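Please look over the sequence and the structure below before reading on. The paragraphs that follow lead from the ligand site to the strands, then to the core and the helices around it.

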Amino acid sequence: MRHNHIYRAVLPGSFNPIHYGHIDIAHRALRLFDEVIVAVYVHPGKPDLFSGEERVALVRESLKDEPRIRVASYNKLTVDYAREVGAQAIVRGLRVFSDFELEFRMALANRRLAPDIEIVTFIAAEEHLHISSSTIREIASLGGRCLFDDAAACRRGAAAALRRA
Ligand code: ADP
């Protein structure tokens, strides 16, 4: 029973750049949670193709039509961040079987660190199974275009990756 309680989840990741697989998981998480915080992990010293601010801006733009989604950056343990924002769960997406091992290990470690926070994993939609930020960056680095043609922010992200490659 819900008793006016807010159910909140954190969807953490590097979003370098955001793509349709991420967008799909964020929207699907809203079927279970009242609020989803898309949390962009920004490692202070690590140079990335996109800066933390750029990644956050692309995520914000991609998800701007959904008032129950918030976007923020963080650079601490994900479970600590989840507690800080009052989330009961961490949401992850699973694409291929090879994602499983890492996700499983991270989930076990997170459960040790924070038994009060549940890890909820969504199986990727079939049409997004092949998409990952690293694939986008790799295709861009080899001069490919057009993985994405309808979400403006995803398109801009892929185009910027191409320019910087
Ligand atoms: P990537 O692996 O693309 O660099 P991130 O670290 O930004 O992704 O991932 C954030 C979350 O989104 C992770 O839980 C990841 O498994 C999930 N995710 C990434 N790509 C997809 C996809 N195509 N479909 C579903 N979930 C995905």
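Helix 1 is the place to start, since with three residues it gives the most to the shell around the ligand. The model is a predicted one, and in it 16 residues surround the ligand, of which G13, G21, R92, G93 and A124 come nearest. Besides helix 1, the elements that give two or more residues to this shell are strand 4 and helix 5, the latter running over residues 133-141. By character, the residues of the shell divide into nine polar, four nonpolar and three charged.

With the ligand site located, the chain as a whole can be followed. The protein chain has six helices and five strands, and read along the sequence these follow the pattern β-α-β-α-β-α-β-α-β-α-α. Of the contacts in the protein chain with a separation of 6 or more, 77% are accounted for by residues 24 or more positions apart. Buried residues make up 31% of the 165 residues in the protein chain.

The pairing of the strands comes next. Strand 1 is joined to strand 2 by six bridges, and the two run parallel; L11 stands opposite V38 in strand 2. Strand 1 also pairs with strand 4 in the parallel sense, over two bridges, and here the bridge partner of A9 is A89 in strand 4. Strand 4 in turn pairs with strand 5, residues 118-123, in the parallel sense over six bridges, with L94 having I123 of strand 5 as its bridge partner.

How many residues does the largest nonpolar core have? This core has 28 residues, and those with the most contacts inside it are A9, V10, L11, A26, V36, V38 and V59. The elements that give two or more residues to the core are strand 1 (8-13), helix 1 (20-29), strand 2 (35-41), helix 2 (52-62), strand 3 (69-74), helix 3 (78-84) and strand 4 (89-94). The largest share, five residues, comes from strand 2. Strand 2 is also mostly covered, with five of its seven residues buried. As a general background, nonpolar side chains in soluble globular proteins tend to be buried together.

Two residues show how the core is knitted together. Leaving aside its neighbours within four places in sequence, V10 is in contact with I37, A39, T78, Y81, A82, V85, A87 and I90. One of these partners, A39, has its place in strand 2 and counts as buried because it has 25 C-beta neighbours inside 10 Å, where 20 or more are required. With its neighbours within four places again left aside, A39 is in contact with V10, L11, P12, A72, Y74 and Y81. The C-alpha atoms of A39 and A9, which are 30 residues apart along the chain, are separated by 10.0 Å.

The loop between strand 1 and helix 1 deserves a separate look. F15 has its place in this loop, and its phi is near 45 degrees, a positive value in a residue other than glycine. Is F15 buried or exposed? F15 is buried, because 26 other C-beta atoms lie within 10 Å. P17 is found in the loop between strand 1 and helix 1 as well, and the peptide bond that joins N16 and P17 is cis, with omega about 0 degrees.

After this loop comes a return to the helices. The buried residues of helix 1 are G21, H22, I23, I25, A26 and A29, and they pack against strand 1, strand 2, helix 2, strand 3, strand 4 and strand 5. In helix 2 one finds L58, which is buried because 25 other C-beta atoms lie within 10 Å. The C-alpha atoms of L58 and H19 are separated by 9.5 Å, although the two residues are 39 residues apart along the chain.

Helix 5 brings the description back to an element of the ligand shell. The buried residues of helix 5 are S133, I136, R137 and A140. Why are they on the same side of helix 5? They cover an arc of only 95 degrees around the axis, and therefore they lie on the same side of helix 5. The general rule behind such spacing is that an α-helix has 3.6 residues a turn, so residues three or four places apart point the same way.

Definitions and conventions. Residues are numbered from 1 along each chain as its sequence is written. This is a predicted model: local features need pLDDT of at least 70, side-chain atom pairs count only at pLDDT 80 or more; totals for chains, interfaces and linings use all residues. A nonpolar core is a set of buried Ala, Val, Leu, Ile, Met, Phe, Trp, Tyr and Cys residues joined through C-beta atoms within 7 Å. A residue is buried if 20 or more other C-beta atoms lie within 10 Å of its own, exposed if 12 or fewer, and partly exposed in between; C-beta atoms are placed from the backbone. Helices (H or I, at least four residues) and strands (E, at least two) are DSSP runs, numbered from the N terminus. Two residues are in contact if their C-beta atoms, placed from the backbone, lie within 7 Å. A residue is near a molecule or strand if its C-beta atom, placed from the backbone, lies within 6 Å of it. Ala, Val, Leu, Ile, Met, Phe, Trp, Tyr, Cys and Pro count as nonpolar, Asp, Glu, Lys and Arg as charged, and the others, Gly among them, as polar. The arc is that of the directions from the helix axis to the C-beta atoms. Two strands pair if DSSP finds at least two bridges between them.
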